[in-house]
Amino acid sequence: MEGKKVSASDVNSLRKTTGAGILDCKNSLIEANGDFEKAIEILRKKGQKVANKRADRKTSEGFALSQTNKDNSFGIILSLNCETDFVAKNDKFQKLANDIMNKAIEDKPANLSELLDLKIEGLKISEKIQELTGVIGEKISMEYYEKLEGEYVKAYIHQGNKICSLVSLSKKNIPDIDQLAKDLAMQVAAMSPIALDETYVPQNIIDKEIEIAKEQLKKENKPENIIDKIAKGKLNKFFAENTLLKQSFIKDNKTTIEKYIKSFDSELKINSFKRYSIS
């Protein structure tokens, strides 16, 4: 092909800018007749083609992050997802996830749509994801984004970046507040509570649990006059296992989370929590 000669330095510069492979950079520069910006656009279009081609693929792997700002007044959980564990461990993939988190902490977008419209290095995050899709060659998507505010917010990332959590507390000027908050965030990550306490459990879940309990009891031929009482006991056990305040503390199963919190401050409350798991 005739046109401007593509130098090794041009290829290297494009590679540093886009993260694309040497051959892809060289071919895009040749196609663009040496025009650097046009070559970048060619690489982006390649990313869109890959994304369109693999749109129906499942992104069941990825890299999840949770982080707070410097004064722990708010935190964010997000997850950049991909098709394979191999890509989830890729340095470029993880760097993009961290860059997105840093931008989210800086700008505090209200939702996922706002997050994707934020710009990193002159490109929207949605465009950066598309660009990396072209480089890596498999579907990449931002699957989850949530933020949490409070007097004291703590983030926890389980080893391997597959599970993340955030916990928001009602007070901050308490001795050892950071250790307490970390313990609570770890509890959320490890035990996956469905609600703060029984008052926050959706009624449809409660109804379902009672229905399951009654069916089991009928199969066991329990007398009709005691089925309701036993079913209620089973429901209370469900609450104890699945609501955060009623759960046994993972570091000391002789106490509940509710009692553990009160041992620090009788007025301290958990405002809310978030948990995300890549599975």
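**Two three-stranded sheets and the helices on them**

In strand 7, Ser165 is the bridge partner of Tyr156. That pairing belongs to a predicted model, and it makes a handy way into the fold. Six bridges hold strand 6 and strand 7 together, with the two running antiparallel. The two strands make up a hairpin, with five residues between them. In the turn of that hairpin sits Gly160, whose phi is positive at about 100 degrees. Strand 6 is mostly tucked away, with five of its six residues buried.

On to the sheet that this hairpin is part of. Three strands make up an open sheet in the order 6-7-10, and the pairing is antiparallel. Strand 6 and strand 10 are the edge strands, each pairing on one side only. On average, neighbouring strands here are turned by 10 degrees against each other, direction ignored. Strand 7 pairs with strand 10 through seven bridges, again in the antiparallel sense. Ser165 turns up here too, standing opposite Arg275 in strand 10. Ser165 therefore has a bridge partner in strand 6, Tyr156, as well as a residue facing it from strand 10.

Next comes the helix that goes with this sheet. Helix 8 lies across strand 6, strand 7 and strand 10, and runs at about 50 degrees to strand 6. The helix covers residues 177–191, 15 residues in total, and spans 21 Å from its first C-alpha to its last, close to the 21 Å expected at 1.5 Å a residue. Its buried residues are Ile177, Leu180, Ala181, Asp183, Leu184, Ala185, Gln187, Val188 and Ala189. As a rule, an α-helix has 3.6 residues a turn, so residues three or four places apart point the same way. The buried residues of helix 8 pack against strand 6 (152–157), strand 7 (163–169) and strand 10 (270–277), and also against strand 8 (248–249) and helix 11 (257–262). Just past the end of helix 8, Ser192 takes a positive phi of about 45 degrees.

Strand 8 and helix 11 have an aromatic link of their own. Of the four aromatic pairs in the structure, one is formed by Phe249 and Tyr260, which are stacked at 4.2 Å centre to centre with 25 degrees between the planes. Phe249 lies in strand 8 and Tyr260 in helix 11, so the pair ties together parts that are 11 residues apart in sequence. Both rings belong to buried residues: Phe249 has a relative accessibility of 5%, and Tyr260 has a relative accessible area of 14%. Together with Phe264, Phe249 and Tyr260 form one aromatic cluster.

There is another sheet to look at. This open sheet also has three strands, in the order 1-2-5, and its pairing is antiparallel. Strand 1 (61–68) and strand 5 (140–149) sit at the edges, and each pairs on one side only. From one strand to the next, the twist averages 10 degrees. Helix 5 (residues 91–107) packs on the sheet and touches strand 1, strand 2 and strand 5, its direction making about 150 degrees with that of strand 2. Helix 7 (residues 125–136) lies across strand 2 and strand 5, at about 140 degrees to strand 5.

Within this sheet, strand 2 (residues 74–82) and strand 5 run antiparallel and are joined by nine bridges. Phe74 stands opposite Glu149 in strand 5. The ring of Phe74 also has company from a charged side chain: Lys108 lies over its face, at 4.4 Å from the ring centre.

Glu146 is a residue of strand 5 and counts as partly exposed, at 29% relative accessibility. Leaving aside residues up to four places away in sequence, Glu146 touches Gly75, Ile76, Ile77 and Lys274. Glu146 and Leu166 are 20 residues apart in sequence, and their C-alpha atoms are 9.5 Å apart in space.

Finally, a look towards the start of the chain. Ser9 is found in helix 1 (residues 8–18) and is partly exposed, with a relative accessible area of 47%. Ser9 and Ile174 are 165 residues apart in sequence, with 57 Å between them in space, C-alpha to C-alpha.

Key. Residues numbered from 1 in each chain as written. Predicted model: local features only at pLDDT ≥ 70, side-chain atom pairs only at ≥ 80, totals over all residues. Heavy atoms only, no water. Pairing = 2+ DSSP bridges. Helix = DSSP H or I, 4+ residues; strand = E, 2+ residues; numbered from the N terminus. Axes fitted to C-alpha atoms, helices over the stretch in contact; angles between N-to-C directions. Contact = heavy atoms within 4.5 Å. Expected span 1.5 Å × (residues − 1). Buried < 20%, exposed > 50% of the residue type's maximum accessible area, 1.4 Å probe, protein only. Phe/Tyr/Trp six-rings, centres within 6.5 Å; stacked < 30°, edge-to-face > 60°. Lys NZ or Arg CZ within 6 Å of the ring centre and 35° of its normal.
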